[in-house]
Every structure is written in structure tokens, then in C-alpha cells.
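User: I would like to go through this model and ask what stands behind each label. Please give the cut-off wherever a term comes up.

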Amino acid sequence: MKGLVFSPASLADWLDLLNRTAETIANHLPAGPYAGGMPDAAARTMAAPILPQTACSPEQVLAGLGAVVAGSVGIWHPHVTAHLHCPVLLPALAAEVAIAALNASMDSFDQAPAATLVENRLCEWLCDRAGFGARSGATFTSGATQSNFMGLLLARDAFSASYWDHPTRLKGLHPESRRLRILCSTDAHFSIAKAAFQLGLAADAVVPVGGDTDRRMRPEALSQTITDLRQLGCLPFVVVATAGTTDFGAIDPLREIAAIAQREGMWLHVDAAYGGALLLSGCYRDRLVGIGLADSVAIDFHKAFLQPVSCGAFLVADAAYFKLIEVVADYLNPDPEPGDEAFSHLVNRSLMTTRRFDALKLWMSLQWLGERGYAELIDRPIDLAREAAAMLAADPAFTLLAEPQLGCVVFRLANVDDRVNREVPRRLFQEGRAVLGHTRIDGRYCLKLTLINPLTRIEDIAALLAMIVTCRDEIAALTPR
Ligand SMILES: Cc1ncc(COP(=O)(O)O)c(C=O)c1O
């Protein structure tokens with residue numbers, strides 16, 4: 001068994017395996033954005049029995065890993081621009097090794113003493129950065145889908161308790177919950193709709209609020225929607241503002257929305273999964289003005305913070321709301337004895353029980369880069385997006401849909417069938433030439449550059465645009481006239 005389970009006795013074997021694994025990765029990295037087509041070698045590896053009768057040799061196991069690496073997307077390549085899917089920082093990658101080796105679980109102090117301190121300290125720092133006060137609190141999450149769910153759950157249960165004097169956790173949904181409404185922009189992330197049905201609300205509980213030409217929620221439309229809903233007997237209880245929509249990177253006017261939410265007695269949740277990175281920006285931080293007025297905020301670090309999946313956080317302006325999800329388990333968080341106050345059991349703040357020590361990788365990255373270093377990494381893709389937009393606007397082959405607010409640039413090939421805009425990214429992916437973003441706006445296919453890689457240069461974008469035009473011409477040549 002020596003050499004199998006991590007322990008001081010297995011350190012030499014572990015180092016050897018780490019080195020061989022790193023070598024295998026290095027030897028199989030895709031040369032371009034993607035090898036193209038189906039990952040055939042990985043499929044062949046998978047055709048062997050999943051659980052062989054006898055152990056495979058390390059060489060065989062690593063060969064399988066090599067096939068998986070070769071069939072992966074080269075997220076570091078400048079022509080991979082499809083999603084908010086980032087290349088990762090080296091200190092974070094190093095932290096992942098420690099996270100796995102220590103295997104701290106964040107639910108109870110006795111599984112994660114130092115880790116609890118690190119996460120607590122980071123959470124305090126995050127709340128402070130967001131402009132939250134002394135009563136605030138936060139927890140790390142698997143990402144914004146979970147953080148958005150938490151925001152809506154706390155909002156629903158806080159409303160139920162104050163409006164109906166009905167604690168949902170004890171009594172279930174109030175009989176009149178059918179009247180509850182969640183307001184968000186038309187471009188809000190689909191995790192809001194997903195959260196709604198998990199919270200026992202019907203599809204019509206999520207009410208879209210119209211946006212301006214920059215696709216930001218219009219405060220007047222929000223006020224009007226609240227009035228209209230109340231007249232219909234509905235109970236709008238939460239506004240979800242987005243700081244950085246997935247397609248356009250649009251940042252809703254947070255200060256104005258916060259004023260409306262406060263006036264109307266509604267919870268404000270800000271989905272800052274993407275735009276939350278501006279908290280560390282050197283040039284664009286003022287775009288988040290008002291975020292500190294929210295009741296809760298979702299931030300992802302596995303997007304513009306360049307952290308490996310998964311790493312996100314949920315922040316709440318008043319940590320007392322975590323009580324709404326607290327369930328005491330005698331084996332984890334029994335009543336504290338005098339003197340136990342210093343030990344926090346983080347399970348009390350989370351919807352999860354066993355939970356990774358993801359805070360470590362963010363902490364190591366912050367230390368590694370410092371304020372200025374991180375700001376540069378976050379700002380560069382935003383600067384690049386502006387340059388890319390100017391390039392697109394000046395080129396008659398393209399139509400730019402909106403000026404970018406973060407790193408996303410949405411555009412179309414001009415003067416072609418809608419179908420060509422669908423076909424180009426599909427073809428480029430199949431052939432491994434580029435992993436280009438695509439989406440549908442107002443029913444029409446669009447192309448998208450999601451610029452998140454700080455090493456991408458404008459020359460890379462120029463080459464990608466030229467490739468798109470070439471691909472357009474290839475498709476035209478194949479199409480019968
Ligand atoms: C604005 C926004 N919110 C939420 C999410 C969901 O985040 P996650 O994938 O971390 O759950 C995304 C994902 O891209 C997003 O762009």
C-alpha cells in the first residue's frame with residue numbers, strides 16, 4: 001500500500017508520480033485550440049474495461065491520461081474564445097495540488113482548522129472589497145449557479161418570514177407562494193430560472209425586465225414592472241441585477257436598482273459571476289458602483305480571476321441570514337461549549353456538507369500577484385475587447401452588435417444567411433481551428449469573442465477574424481447556387 005495513499009511515507013512516490021503526470025500532460029497538450037472532431041484516442045481508451053480485473057501498469061494509466069489531454073480544449077490558446085472558461089494561473093494550479101493532498105473538508109473545524117481560518121479571512125476581505133459592512137458574511141461555493149440559488153433561497157425565506165411570519169424551513173412553502181415574483185433583466189443567466197423551479201416557484205415567477213440599447217436593465221422599466229405586478233396581486237420579493245451578462249458583459253445600473261429595491265422593500269441579489277472581477281480592476285472598478293448596497297452577491301473566481309474550476313463565492317450583507325439555512329447535526333456542529341466560539345463550523349453557511357478548500361487557490365494567487373498584478377490580468381482582456389470591437393466596426397465583413405462593457409464582443413458576419421453565422425463556429429470547432437463563441441440574439445445567430453485570456457493580443461484577434469472570413473468563403477463555395 002505504500003506509494004498509494006498520500007502520507008509522509010509516500011512522499012517520494014508522490015513526487016515521482018507528479019512529475020510523470022506533468023510530463024504526460026506536457027507531451028500531449030493539444031498544439032492548437034482543439035484536435036478537432038471527436039476525441040477518438042480518448043474514446044478508444046474508454047473502450048477498455050472501466051474496472052480491469054487486475055491493475056494496469058502506471059504507463060498504461062498515464063497513456064489513458066495522455067489521450068484525455070490530447071482530446072481537450074487548449075484553453076490557453078488565443079483562438080479559444082467561446083465561453084467564460086479561463087486559462088489558469090500557475091499559483092492556483094500549485095494550490096490545487098495542496099488542496100487535493102490535504103483534502104480538508106470545509107464543513108467542520110476539526111476537518112479543516114487552518115483552512116477554516118484562510119476561508120474566513122478571505123470571506124471578510126471579499127465582503128470588505130464589495131463594500132459590505134461589519135455584519136456581512138460569505139462562503140465559498142461551487143460557482144454562481146449555486147451562489148445565485150443561495151441568494152434567491154435566502155431572499156424567499158426572509159420574505160416569507162417577514163411578510164407572512166412563515167418560516168419556510170419549518171413549515172414549507174406558504175400557500176400563497178404562487179404569487180411570488182423574481183425580477184431580473186431579459187439577459188439574466190439561466191441559473192435564475194433554474195433556481196426558481198428548485199425553490200418551488202412556477203415558470204412565470206421569473207419576470208424579465210426590459211433593457212436599454214446596451215442591454216442593461218432599465219430602472220424605469222423595473223419600477224413599472226413592480227407596480228404592474230402588485231396591481232395583479234403578485235408579490236415581487238427580489239430583484240436580480242447582473243454585473244456582467246454572459247453574452248454582452250452588460251452591467252446593470254446597480255446604484256439605481258438598489259435604490260428601487262430599497263424603496264420597494266425587496267431583496268437585491270447581484271449576479272456578479274463575471275463582472276465581480278472588477279473589484280480588483282485598476283481601471284474599471286467604478287463600473288461596480290452600488291454593489292455594496294446589495295443584500296447578496298455571487299462572484300466566480302473560475303472566470304475572470306483565472307482560477308481552476310470550481311471556485312466561487314456567495315456574499316450576504318447580513319450574515320444573520322445564514323441562520324435561515326442552518327440545520328444542526330450533532331456529529332458536525334453541536335452546541336458550542338464555552339471557549340469554542342473561535343472555532344467556526346463553516347457548514348452553517350453552506351448548502352453543501354463536504355466541501356473543497358477552494359479558497360486556498362485564490363489566496364495563493366492574490367499573494368503571488370499582488371494588487372497591481374491581478375489588476376493588470378483583469379483589465380487587459382477588457383482593453384482588448386475595446387480594440388477588437390473597433391476592428392470589427394471598421395470591417396464591412398462584420399456587424400458589431402454592441403460596444404463591449406467587459407471582455408465579450410458580439411458580432412455577425414454581414415450580408416450572409418443567418419445559417420452561415422451558425423455554421424462558421426461549428427466548422428471551426430470540428431476542424432480544430434478555433435473554439436469561437438456563438439449565441440442567439442433576438443432570434444438570430446451571432447458570433448462571440450469571450451476575451452478572458454490576458455495573454456491574447458490584438459494580432460491574435462486579427463488572425464481569428466481573417467479565419468472567420470475564410471471559413472465564410474469556404475461555406476459559400478460549398479453551397480450550390
Ligand atoms: C452571469 C452568469 N451568472 C451565472 C453563471 C453560472 O456560473 P457557474 O457556471 O459558475 O455556475 C454564469 C456562467 O457563465 C454567468 O455568466
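User: Why does the radius of gyration of the chain agree with that of a compact globule?

Analyst: The chain has 24 Å, and a compact globule with 481 residues would have a radius near 23 Å, so the two agree. The radius is taken over C-alpha atoms, and the globule rule is 2.2 Å times the number of residues to the power 0.38. Along its principal axes the C-alpha trace spans about 65 × 65 × 45 Å. Two points on the source: this is a predicted model, in which local features need pLDDT of at least 70 and side-chain atom pairs count only at pLDDT 80 or more, while totals for chains, interfaces and linings use all residues. Residues are numbered from 1 along each chain as its sequence is written.

User: What makes Ser-281 count as buried?

Analyst: A residue is buried if 20 or more other C-beta atoms lie within 10 Å of its own, exposed if 12 or fewer, and partly exposed in between, with C-beta atoms placed from the backbone. Ser-281 has 21 such neighbours, and therefore counts as buried. Of the 481 residues of the chain, 41% count as buried.

User: Where does Ser-281 lie, and which residues does Ser-281 touch?

Analyst: Ser-281 lies in the loop between β5 (267-272) and β6 (296-300). Strands (E, at least two residues) and helices (H or I, at least four) are DSSP runs, numbered from the N terminus. Leaving out residues up to four places away in sequence, Ser-281 touches Ala-375, Ile-378 and Asp-379; contact means that the C-beta atoms, placed from the backbone, lie within 7 Å. The C-alpha atom of Glu-371, 90 residues away along the chain, is separated from that of Ser-281 by 8.8 Å.

User: What makes strand β9 mostly covered?

Analyst: In β9 (residues 408-413), 6 of its 6 residues are buried. Cys-408, Val-410 and Arg-412 are on one side, Val-409, Phe-411 and Leu-413 are on the other, and both faces are covered.

User: How do you know that β9 pairs with β8 and β11?

Analyst: Two strands pair if DSSP finds at least two bridges between them. β8 (residues 398-400) is joined to β9 by 3 bridges, and β9 to β11 (residues 444-450) by 4. β8 and β9 run antiparallel, and β9 and β11 also run antiparallel. Phe-398 stands opposite Leu-413 in β9, while Val-410 has Lys-448 in β11 as its bridge partner.

Methods
Two residues are in contact if their C-beta atoms, placed from the backbone, lie within 7 Å.
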